[in-house]
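Colleague: Could you pick one part of this model and take me through it closely? A word on its surroundings would help too.

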Amino acid sequence: MEGAAKPKLYTCAGSRGLRATWAAEEAGFDLELKMLPFPPRFEWPEYLELNPLGTVPLLVDGESRMTESCAIAHYVALRSDAAQLVVGPQESDFAAYLDFTYHADATLTFPQTVYLRFARFEKGKGLEEAGLAYARWFGARLAKVEQRLEDRDFLCADRFTVADICVGYALYLARRIGLEDHLTPRLVQYVDRLTDRKGFKAAVAREAAAAQAAGLGGAVV
Ligand SMILES: N[C@@H](CCC(=O)N[C@@H](CS)C(=O)NCC(=O)O)C(=O)O
């Protein structure tokens, strides 16, 4: 009898989908990657039938559809035998775990992408100043992670968790898009620690190989 289809992640190399690919590598979760040209909304319009937002990542698992990178990373960890990657309600850092996992995209990556759009992708269209204001906003919003790491190597429960994957991606992205000057020495050490992990390197390599096999270029940023 044929087994159920593998969960499938529609993504672009280096996009927020890396949170999901990274979580899958850390958790040993069997995920199929479907690499798309960027931005899929314009480059592969049929994609809108699957995800009306046109954004990546999209996880399809049976009847389930998810379009939030941090939620997908959390889901992948919970669906695997990787309990150490999540912080449960019985643990004292449960609230902090949820908070940092949501903080990562809503508060950190959101201003990064507004900067990226107006100050980089659409530079010269008159909104550069607004983009640069969002870059400063991003820098100011790092205060909470900076403070949290004053006496810790990882954000929660004295171990590496999905909260580190989600926040770590935002810091990694900062480096790739010219926002590295906002990272304090402590944040630089933290992101080095995270990106040095076998799981992170495997995820980046996996996305790059899948993009190449699909005849696409490298990372989107
Ligand atoms: N909050 C969503 C945002 C998804 C999102 O906006 N992804 C970007 C790539 S990192 C995208 O698809 N941009 C292309 C577009 O908006 O058309 C998440 O965390 O996954």
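Modeller: Quick bookkeeping first: Ala, Val, Leu, Ile, Met, Phe, Trp, Tyr, Cys and Pro count as nonpolar, Asp, Glu, Lys and Arg as charged, and the others, Gly among them, as polar. On that split, the shell around the ligand has four nonpolar, four polar and four charged residues. Among its residues (C-beta, placed from the backbone, within 6 Å of the ligand) are Arg 16, Arg 41, Glu 68 and Asp 105.

This is a predicted model, where local features need pLDDT of at least 70, side-chain atom pairs need 80 or more, and totals for chains, interfaces and linings use all residues. Numbering starts from 1 along each chain as its sequence is written.

The chain has 10 helices and four strands (DSSP runs numbered from the N terminus: H or I, at least four residues; E, at least two). Let's zoom in on α8, residues 162–176. At 1.5 Å a residue (times one less than the residue count), its 15 residues should span 21 Å, and the end C-alpha atoms are indeed 21 Å apart.

Now the surroundings: 12 of those 15 residues are buried (20 or more other C-beta atoms within 10 Å of their own, placed from the backbone), so α8 is largely enclosed by the rest of the structure. The buried set includes Asp 164, along with Val 162, Ile 165 and Tyr 169. Packing partners for the buried residues, by contact (C-beta atoms, placed from the backbone, within 7 Å), are α1 (17–27), α4 (69–78), α5 (94–121), α7 (143–148) and α9 (185–195). Just after α8, Gly 178 takes a positive phi of about 85°. For scale, buried residues make up 41% of the 221 in the chain.

Methods
Two residues are in contact if their C-beta atoms, placed from the backbone, lie within 7 Å.
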